[in-house]
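Grab a pencil and the viewer, and work through these exercises with me. Each one sets a task, then walks through a solution step by step.

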Amino acid sequence: MMRVILSAAVVLMAGCASAPPEHFYSLSSGMGAPHATQSAPAYYIELPAVTVPQQVARNQLVVTTGAGRVDLLEQERWVSPPSSEIGLALSLAISNELGTIDVFRTPTPDKAPVYRISTNVQRFESAPGQYALIDAVWSVRLVGSTQVLTCRSVAQETVSAGYDELVAGHRRAVIRISTDIAKAVRTLASGAKAGC
């Protein structure tokens, strides 16, 4: 009986040892260090939670492998759900571009201008060895104002083989979208009329 138990334990341990390792990816790593601010910024941004399509709202990478076919990769995962990854990456990129601070859920000084940026990712596609695509509708509004600027940014990046390259493509796509948003915020903050 003891031999049977030991044999079963050895088989289980061998099975665990042969399982492929999991790899974890982040969109915000490599976004660069934020600019040091010596004084309070002229305005702040506020980036609430980003929404993403339900089919990619999971930690596993969801990749397109053919016409209408997607694969869920158990061993290739995001560090946090894609909505959080995209939100943090956008927040860092926009804050760095504008030299300001994302104050979502944080008190701000009295009468400080705050620009709320809402983002709805409508497509988040990953095609290894082909492209990484983010299609987002976003809006910017000065908190307390009724005027809203709503735009759409579609960023598609060509990627070579490998999941590291795929994630790097999504990072580049996030930076392209953040540049569009930062330009709109900067224009609105200057008092000029912003457009898409």
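**Exercise 1. Find the residues that line the largest cavity, and sort them by element and by character.**

Keep in mind that this is a predicted model. Start with the count: there is one cavity of 30 Å³ or more. The space in the largest cavity comes to about 30 Å³. Now list the walls: V56, Q60, L61, V62, W78, P82, F124 and S126 line the largest cavity. Next, sort by element: β3 and β5 are the elements that give two or more residues to this lining. Strand β3 has the largest share, with three residues. Last, sort by character: the lining of the largest cavity splits into six nonpolar residues, two polar ones and no charged ones.

**Exercise 2. Follow β3 into its hairpin and describe how it pairs with β4.**

Take the strand limits to begin with: β3 covers residues 60–66 and β4 covers residues 69–78. The two run antiparallel, and six bridges join them. For a register check, pick V62: its opposite residue in β4 is L72. V62 is also one of the residues that line the largest cavity. Then look at the turn, where two residues sit between the strands of the hairpin. One thing to spot here is G68, which takes a positive phi near 80 degrees.

**Exercise 3. Which residues other than glycine have a positive phi in the loop between α2 and β5? Work through R105 and K111.**

Here's the background: most residues other than glycine have a negative phi. Step one is R105, with a positive phi near 60 degrees. R105 belongs to the loop between α2 (82–98) and β5. Its relative accessibility is 77%, so R105 counts as exposed. Step two is K111, which isn't a glycine either and has a positive phi of about 65 degrees. K111 also sits in the loop between α2 and β5. With a relative accessible area of 81%, K111 is exposed.

**Exercise 4. Classify the aromatic pair of Y43 and Y115, and say which parts of the chain it links.**

A search of the whole structure turns up two aromatic pairs. Y43 and Y115 make up an aromatic pair with 5.6 Å from centre to centre and 85 degrees between the planes. Planes over 60 degrees apart count as edge-to-face, and that is the class of the Y43 and Y115 pair. For the location, Y43 is in the loop between β1 (23–25) and β2 (44–46), while Y115 is in strand β5 (residues 114–127). The pair links distant parts of the chain, 72 residues apart. To finish, check the burial: both Y43 and Y115 are buried.

**Exercise 5. Y115 turns up again in the lining of the largest pocket. Describe that pocket.**

Volume comes first: the largest pocket has about 230 Å³. Its lining is made of Y115, V140, R141, L142, S145, Q147, V148, L149, L188, K193 and A194. By element, strand β6 (residues 131–142) gives the largest share, three residues. By character, the lining of the largest pocket holds seven nonpolar, two polar and two charged residues.

**Exercise 6. Locate the disulfide, give its handedness, and compare the setting of its two cysteines.**

The structure holds one disulfide. C151 and C196 form the bond, with sulfur atoms 1.9 Å apart. The torsion about the S-S bond of C151 and C196 is about -85 degrees, so this disulfide is left-handed. C151 lies in strand β7 (residues 149–158) and C196 in the segment after α3 (163–189), so the bond ties together parts that are 45 residues apart in sequence. Now for the solvent: C151 has 4% relative accessibility and counts as buried, whereas C196, at 74%, counts as exposed.

**Exercise 7. Place all of this in the overall fold.**

Count the elements: the protein has three helices and seven strands. Read from the N terminus, their order is α-β-β-β-β-α-β-β-β-α. As for burial, 38% of the 196 residues count as buried, Y43 and Y115 among them.

Definitions and conventions:
Residues numbered from 1 in each chain as written. Predicted model: local features only at pLDDT ≥ 70, side-chain atom pairs only at ≥ 80, totals over all residues. Heavy atoms only, no water. 1 Å grid on protein atoms, 1.4 Å probe; cavity = no way out; pocket = protein on both sides within 12 Å on 5 of 7 lines; lining within 4 Å. Points joined across faces, edges and corners; volume = space filled by probe spheres on them. Helix = DSSP H or I, 4+ residues; strand = E, 2+ residues; numbered from the N terminus. Nonpolar A, V, L, I, M, F, W, Y, C, P; charged D, E, K, R; others polar. Disulfide = S-S within 2.5 Å. Buried < 20%, exposed > 50% of the residue type's maximum accessible area, 1.4 Å probe, protein only. Pairing = 2+ DSSP bridges. Phe/Tyr/Trp six-rings, centres within 6.5 Å; stacked < 30°, edge-to-face > 60°.
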